[in-house]
Amino acid sequence: MRKGAKKEDRRIFFRVVSRISRANWVLQISPDFVRIPIAFFAGFVYRLGREILILERRVRFPYLVPKSL
Amino acid sequence: MRATLIYRWHPRFHVGIEYNPKVGEVHPLITFIAVTETENRPAVIIGLSSDRIGTPEGTSVYATVSKDLQHWTGLPIAPYGGLMWGSYEKKVRAIGGLNIRLPYRMTSLIQFDGVKVHPSLTYTFNDTHALTFLMIRGTRPGVTYTFSF
């Protein structure tokens with residue numbers, strides 16, 4: 001959080017409970033955006049991009065993409 | 001920085017705590033699904049949460065009605081709307097939002113807290129991990145990591 005940020009700016013929350021799984025426990029962590037490790041965020045972008053590319057290849061060239069991917 | 005831990009004690013009753021270390025605040029979270037959603041009936045959810053984004057402290061009590069409209073409209077959307085009372089401003093506000101299911105395991109949630117709009121985009125890796133990118137008030141970026149176990 002940048003210096004001088006107002007106290008009320010530090011709050012992030014969701015009112016809608018996560019629906020992503022049937023698990024009994026859900027932990028949510030919202031760090032300050034500027035302090036997120038760049039590697040973590042880059043990894044997320046890489047993985048997302050890779051999955052999109054693989055899905056697109058599967059649709060366009062299904063006979064070329066190994067199933068192991 | 002903010003962390004929440006929610007326990008689904010019952011499919012229709014969830015309890016948890018919210019911890020905001022920067023302001024030293026611990027807050028209870030309660031969600032009660034009063035009416036479950038069916039193909040033709042919306043869900044009614046009542047809950048207790050921290051006050052809306054933008055207030056320095058306080059508790060909010062809310063009641064929302066939500067319904068997945070894909071069956072009726074063919075669109076992957078699930079809007080919700082309701083009322084919220086916040087203890088900081090001691091005011092009742094109308095709230096609402098729209099959940100949109102997108103391709104590639106992504107969902108978008110656009111929330112209106114009665115004053116401002118907060119759009120977000122969630123990518124679900126699997127049943128355990130999810131990452132949400134959100135724009136608080138449409139201007140300030142933020143990220144939430146969700147771990148389910």
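With 8 C-beta neighbours inside 10 Å, B:Lys90 counts as exposed. The model is a predicted one, and B:Lys90 takes a phi near 50° in it, a positive value in a residue other than glycine. B:Lys90 belongs to the loop that runs between strand 6 (77-86) and strand 7 (91-102) of chain B.

A positive phi is also found at B:Arg105, where the angle is about 55° although the residue is not a glycine. B:Arg105 lies in the loop between strand 7 and strand 8 (106-112) of chain B. B:Arg105 has 15 C-beta neighbours inside 10 Å and therefore counts as partly exposed. This count falls between the limit for exposed residues, 12 or fewer, and that for buried ones, 20 or more. The count of 8 for B:Lys90 falls within the range of 12 or fewer that defines an exposed residue.

The secondary structure of chain B comprises one helix and 11 strands. Read from the N terminus, the order of the elements is β-β-β-β-β-α-β-β-β-β-β-β, which places the helix between strand 5 and strand 6. Of the 149 residues in chain B, 27% count as buried. Among the contacts in chain B with a separation of 6 or more, 19% are between residues 24 or more positions apart.

Strand 5 of chain B, residues 59-66, pairs with strand 4 and with strand 6. The pairing with strand 4 (residues 43-50) is antiparallel and extends over eight bridges. B:Ser50 has B:Thr59 of strand 5 as its bridge partner. The pairing of strand 5 with strand 6 is likewise antiparallel, over seven bridges, and here B:Ala63 has B:Leu83 of strand 6 as its bridge partner.

The two faces of strand 5 are distinguished by their covering. The covered face consists of B:Ser60, B:Tyr62, B:Thr64 and B:Ser66. On the uncovered face are B:Thr59, B:Val61, B:Ala63 and B:Val65. B:Thr59, the bridge partner of B:Ser50, is thus one of the residues on the uncovered face, as is B:Ala63, the bridge partner of B:Leu83.

Chain A has one helix and one strand. Of its 69 residues, 14% count as buried.

Methods. Residues numbered from 1 in each chain as written. Chains lettered and ligands numbered in written order. Predicted model: local features only at pLDDT ≥ 70, side-chain atom pairs only at ≥ 80, totals over all residues. Helix = DSSP H or I, 4+ residues; strand = E, 2+ residues; numbered from the N terminus. Pairing = 2+ DSSP bridges. Contact = placed C-beta atoms within 7 Å.
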